Amino acid sequence: MSLEGLITAMVTPLKENNQGIDYNGTVNLLSFQEKIGIDGLFLLGTNGEAYMLKENEKIDFVDTIIKNKPSNLPVYVGTGGNSTIDTIKFSQIISTKNIDAISVITPYFAKLSQEELFAHYELIANNVDKPVILYNIPNRTGNDFSDELIKELAKNKNIIAIKDSSGNLEKIKSYISITKDLDFKVLCGSDGLMVEALKAGCAGSISGTSNVIGKLNKMIFNAYNTGNLSEANLLHNHIQKFRSINKKVTEPAVIKFALKFIGIDVGNPRLPIQPVSSSLKIEIKEMMEYYINLQDTLKNQLF
């Protein structure tokens, strides 16, 4: 398992009125991601509305992806929750699937000590058969990993990486520094830091915008990997337009409507997240026209 490069934090296509997973939408979005040439799929994360889904829906979604994906495409699945025991049980279920690793977000609402977080992750890692990716997004969960905790958890052979979505480049650099002598990878979960995180030593990026503009993000990686840093920075500037619109409402409302604009209907977010307003739809359409016009400048088909 490479666990590197451009990994899409995939949205979950949903039917209306809580009627479950949209299988056609899932297959269509998966096909679009294949054409991009992404290096992996990250399922059931923040953009995947994992916190909104029933357990059977999560299993159905994972099964649909596994059934239809290319055999060489790595898949990482979010299994985290508040309860250690429930997280272990669900992680064990998902670990029976043909996936590459599970990702476990920190518990939320309860403000936990570093000792409690350590015990939580050690129990999970020692009771599942798949490798574990830590998921840090403290502005959503209220819990954060200290450098010391990461260093200790990274010593567990079944804990292989962390996805950091703190938006803090210095934190990413620190995680990389303290685990440099261990078999452990740091992945950037903030699209705005993509290039700087790669420069700092991140193994890759788990990207929400790649649901829609993944080809542009893949071009950023290609430029960086071939040593063309100026081109990577220039291309990275173009994703900021998407990010600025995406921040106006709750994720993944903008991503889901933008996908519909290019012919991939993945439904609306699940309530209480609202679909985008009529005025924001106009902004998103203008944004997508910007990217469509950008294709001519880049001489590369984005959609």
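In helix H12, the residues Leu280, Ile284, Met287, Met288, Tyr291, Leu294 and Gln295 are buried (under 20% relative accessible area, with over 50% called exposed and anything in between partly exposed, using a 1.4 Å probe and protein chains only). They share the same side of H12, because they cover an arc of only 115° around the axis, judged by the directions from the helix axis to the C-beta atoms. This is a predicted model, where local features need pLDDT of at least 70 and side-chain atom pairs count only at pLDDT 80 or more, while totals for chains, interfaces and linings use all residues. Residues are numbered from 1 along each chain as its sequence is written, and side-chain values use heavy atoms, leaving out hydrogens and water.

**Helix H12 and its surroundings**

- H12 runs over residues 278-298, and its 21 residues reach 30 Å from first C-alpha to last, close to the 30 Å expected at 1.5 Å a residue; the expected span is 1.5 Å times one less than the number of residues.
- Helices (H or I, at least four residues) and strands (E, at least two) are DSSP runs, numbered from the N terminus.
- Turned away from the buried side is a face with the exposed residues Ser278, Asn293, Asp296 and Thr297.
- The cover over the buried residues of H12 includes helix H9 (210-225), helix H10 (229-246) and helix H11 (253-261), where contact means heavy atoms within 4.5 Å.
- Just after H12 comes Lys299, with a positive phi near 55°.

**Salt bridges**

- The structure holds 11 salt bridges, each a side-chain nitrogen of Lys or Arg within 4 Å of a carboxyl oxygen of Asp or Glu.
- One of them joins the side chains of Arg270 and Glu57 at 2.8 Å, N to O. Arg270 sits in the loop between H11 and H12 and Glu57 in helix H2, so this pair ties together parts that are 213 residues apart in sequence.
- Arg270 is buried at 8% relative accessible area, and Glu57 is buried at 3%.
- Lys171 pairs with Asp144, their closest N and O atoms being 3.1 Å apart. Lys171 belongs to helix H7 (residues 169-178) and Asp144 to the loop between helix H5 (138-141) and helix H6 (147-153), so the pair ties together parts 27 residues apart in sequence.
- Lys171 counts as buried at 17% relative accessibility, whereas Asp144 is partly exposed at 27%.
- Lys199 and Glu196 also form a salt bridge, with the closest N and O atoms 3.1 Å apart; both lie in helix H8 (residues 194-200), three residues apart, about one turn of the helix.

**Loops with notable backbone geometry**

- The peptide bond from Glu251 to Pro252 is cis, with omega near 5°, and Pro252 is in the loop between H10 and H11.
- Another cis peptide bond leads from Leu271 to Pro272, with omega near 20°; Pro272 is in the loop between H11 and H12.
- Asn17 is not a glycine, yet has a positive phi of about 55°. You will find Asn17 in the loop between strand S1 (5-9) and helix H1 (23-36), where Asn17 is exposed at 67% relative accessibility.
- Leu44, also not a glycine, has a positive phi of about 60°. Leu44 sits in the loop between S2 and H2 and is buried, at 4% relative accessible area.
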